[in-house]
Amino acid sequence: MVEIVACDDQTAFAVQELLAARWATATADRTTRDPGQPGVRLRCHLDVRQELNPQHPTGEAGEVS
């Protein structure tokens, strides 16, 4: 699991998108906020053992290098 802490929703989702482009990721669709604290948190599950093959047209998991 990866917890992304960012200033705003847009930044948190941009980081998640970068991670999802590289590894098999179960993405989150919303962020959470801690009352009285700045920023947002987003948790997603990431499998770094399943690197995506950027050459694969469907974006399915490829071989691990």
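How many disulfides does a search of the whole structure find? The search finds zero. Two cysteines sit in quite distinct settings. Cys7 has 69% relative accessibility, so Cys7 counts as exposed. Cys44 has 0% relative accessibility and therefore counts as buried. Cys44 will return below, both in the sheet and in the core.

First, a word on confidence. This is a predicted model. The mean pLDDT of the protein is 83. Of its residues, 80% reach 70 or more. Among the elements, confidence is highest in strand E1, residues 2–6, at a mean of 94. It is lowest in strand E3, residues 40–51, at a mean of 86. Residues 61–65 are another matter: there the pLDDT is below 50. In the model, this stretch has 11 contacts beyond near neighbours in sequence. Where pLDDT is low, the predicted coordinates should not be read in detail.

Now the fold. The protein has one helix and three strands. What order do the elements take from the N terminus on? They run β-α-β-β. The chain has 65 residues, and 22% of them count as buried. Consider contacts with a separation of 6 or more: residues 24 or more positions apart account for 44% of them.

Start with the sheet. Its three strands stand in the order E1-E3-E2, and the sheet is open. The pairing is antiparallel. Strands E1 and E2 (23–26) are the edge strands, each pairing on one side only. Neighbouring strands are turned against each other by 40° on average, direction ignored. Strands of a sheet pair through backbone hydrogen bonds, either parallel or antiparallel.

Take the E1 side next. Five bridges join E1 to E3. Val2 has Cys44 of E3 as its bridge partner. Ile4 stands opposite Leu42 in E3. On the other side, E2 and E3 pair over four bridges, also in the antiparallel sense. Here Ala26 has His45 of E3 as its bridge partner.

Two residues show how E2 and E3 meet. Ala24 is found in E2. Leaving aside neighbours within four places in sequence, Ala24 is in contact with His45, Leu46, Asp47, Gln50 and Leu52. Ala24 and Gln50 are 26 residues apart along the chain, yet their C-alpha atoms are separated by 5.6 Å. Leu46 lies in E3. Its contacts beyond four places in sequence are Val2, Leu19, Trp23, Ala24 and Thr25. The C-alpha atoms of Leu46 and Thr27 are separated by 8.3 Å, with these positions 19 residues apart along the chain.

What about the helix? The sheet pairing of E1 and E3 rests on five bridges. Helix H1, residues 9–22, packs on this sheet and touches E1, E2 and E3. The direction of H1 makes about 5° with that of E3.

Gln16 is a residue to look at in H1. Is Gln16 buried or exposed? Gln16 counts as buried, because its relative accessibility is 6%. Not counting residues up to four places away in sequence, Gln16 touches Ile4, Thr27, Ala28, Leu42 and Cys44.

That leads to the core. In soluble globular proteins, nonpolar side chains tend to be buried together. Which residues make up the largest nonpolar core here? There are eight: Ile4, Ala6, Ala12, Leu19, Ala28, Val40, Leu42 and Cys44. Elements E1, H1 and E3 each give two or more residues to this core. The largest share comes from E3, with three residues.

Ile4 is a good place to view this core from. Beyond four places in sequence, Ile4 touches Ala12, Val15, Gln16, Leu19, Val40, Arg41, Leu42 and Cys44. Gln16 is thus in its list of contacts, and Gln16 counts as buried because of its 6% relative accessibility.

Finally, return to Cys44. It is the bridge partner of Val2. It belongs to the largest nonpolar core. It is touched by Gln16 from the helix. At 0% relative accessibility, Cys44 counts as buried. Cys7, at 69%, counts as exposed.

Definitions and conventions. Residues are numbered from 1 along each chain as its sequence is written. Side-chain values use heavy atoms; hydrogens and water are left out. A disulfide is a pair of cysteine sulfur atoms within 2.5 Å. Buried means under 20% relative accessible area, exposed over 50%, partly exposed in between (1.4 Å probe, protein chains only). pLDDT is the predictor's confidence in each residue, from 0 to 100. Contact means heavy atoms within 4.5 Å. Two strands pair if DSSP finds at least two bridges between them. Axes are lines fitted to C-alpha atoms, for helices over the stretch in contact, and angles run from 0 to 180 degrees between N-to-C directions. A nonpolar core is a set of buried Ala, Val, Leu, Ile, Met, Phe, Trp, Tyr and Cys residues joined through side-chain atoms within 4.5 Å.
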